[in-house]
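Me: I have a model open here and would like to talk through its helices, ion pairs and backbone oddities with you. Could you take it topic by topic?

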Amino acid sequence: MEIKVQAFESLDSTNNYLKKLASEGAAEGTVVIADAQTAGRGRMGRSFASAPGCGIYMSLLLRPNDCGVDCASSLTAVAAVAVCRAIEKVCGRAPGIKWINDLYLRGKKICGILCESSVKDGKVDYAVLGIGLNVTTKTEDFPEELRETAGSLYTQTGFVFERGKLIAAIIAELGSLYSVWLEGPSVCHAEYKRRCIVLDRQITVAAADGEFEAVAENISSDYGLVLRMPDGERRTVHSGEVKIRT
């Protein structure tokens with residue numbers, strides 16, 4: 001996959017911009033990076049705080065062949081593992097993954113991942129992987145309502161790391177994992193499971209059919225979260241929000 005980077009001082013959202021390029025025929029491997037986002041987005045329509053010059057706000061265009069509409073979860077998992085690997089290589093820290101798309105370091109969210117795809121004739125025409133990583137963001141840079149839960153590599157380690165090195169490492173890790181993912185979506189399943197911080201924990205799940213409590217027991221082969229319900233039955237969810245209770 002040939003990487004072609006477009007960099008901007010500011011965009012409303014790197015995902016929005018890259019989806020527009022993708023609809024116009026942009027090639028796989030196109031990467032859009034912004035120094036700031038005015039309308040950064042997370043999952044379920046939430047906003048993603050994107051302080052200028054403090055984070056990595058980037059999106060990568062993929063065009064997987066013969067990929068079904070259910071590939072978003074595994075691509076999100078691939079991206080999560082790739083960013084974890086990149087942070088370990090550059091920063092010497094090992095983030096954990098909170099199912100399904102958030103990276104945590106020392107108890108605070110430092111990164112969110114958003115995979116958006118376009119489907120044509122029952123297959124994915126393209127997928128846009130958006131990554132928002134807080135690098136040098138200080139506590140006061142976050143909106144007040146996020147200061148208890150959000151962090152950055154700086155707040156969680158006390159060190160300032162170069163965004164350029166992290167971007168290069170993320171792109172390299174993503175490219176490597178993606179090429180193997182094309183041969184089999186379960187490529188990073190074991191590593192994703194090992195890094196997942198919700199397993200064996202009491203959690204609250206907000207799913208389409210309501211909110212309930214359970215124990216997170218396993219990660220299914222398609223990256224669903226296997227739950228043990230209070231009555232002992234097993235249930236697998238593929239979307240929703242998770243909050244760790246104990």
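Reply: What follows goes through ground rules, one helix, the salt bridges, a pocket and some backbone details.

Me: Ground rules then, what am I looking at?

Reply: This is a predicted model, in which local features need pLDDT of at least 70 and side-chain atom pairs count only at pLDDT 80 or more, while totals for chains, interfaces and linings use all residues. Residues are numbered from 1 along each chain as its sequence is written, and side-chain values use heavy atoms, with hydrogens and water left out.

Me: What span should helix 4 have?

Reply: Helix 4 covers residues 163-181, and at 1.5 Å a residue its 19 residues should span 27 Å, which agrees with the 26 Å between its end C-alpha atoms. The expected span is 1.5 Å times one less than the number of residues, and helices here are DSSP runs (H or I, at least four residues), strands likewise (E, at least two), numbered from the N terminus.

Me: And which elements do its buried residues pack against?

Reply: The buried residues of helix 4 include L166, I170, L174 and W181, where buried means under 20% relative accessible area, exposed over 50% and partly exposed in between, with a 1.4 Å probe and protein chains only. They pack against strand 2 (30-34), strand 3 (55-62), helix 2 (72-91), strand 7 (123-134) and helix 3 (153-157), a contact being heavy atoms within 4.5 Å.

Me: Switching to charges, how many salt bridges are there?

Reply: The count comes to 16 salt bridges, each defined as a side-chain nitrogen of Lys or Arg within 4 Å of a carboxyl oxygen of Asp or Glu. One of them joins the side chains of R163 and D35 at 2.9 Å, N to O. Since R163 lies in helix 4 and D35 in the loop between strand 2 and strand 3, the pair ties together parts that are 128 residues apart in sequence.

Me: Does helix 4 come up again, and where does E173 find its partner?

Reply: E173 meets R85 in a salt bridge of 3.7 Å, N to O. R85 lies in helix 2 and E173 in helix 4, so this pair ties together parts 88 residues apart in sequence. E173 is buried, with a relative accessible area of 9%, whereas R85 is partly exposed at 26%. Both belong to a network of salt bridges that links R85, E88, K89, E173, E191, R194 and R195.

Me: Now pockets, how much space lies in the second largest one?

Reply: About 240 Å³ lies in the second largest pocket, and 13 residues line that pocket, with D70, C71, S74, W181 and P185 nearest its centre. A pocket is an open set of points on a 1 Å grid over the protein atoms alone, where a 1.4 Å probe fits, with protein on both sides within 12 Å along at least five of seven lines, and lining residues have an atom within 4 Å of a point.

Me: Last topic, which residues does the cis peptide bond join?

Reply: The cis bond joins W99 and I100, with omega about 5 degrees, and I100 sits in the loop between strand 4 (96-98) and strand 5 (102-105).

Me: Fine, and what is the phi of R106?

Reply: R106 has a positive phi of about 50 degrees although it is not a glycine, and at 66% relative accessibility R106 counts as exposed. D200 also has a positive phi, near 65 degrees, and lies in the loop between helix 5 and strand 8 (202-207).

Note on methods
Grid points are joined across faces, edges and corners, and a volume is the space filled by probe spheres set on the points.
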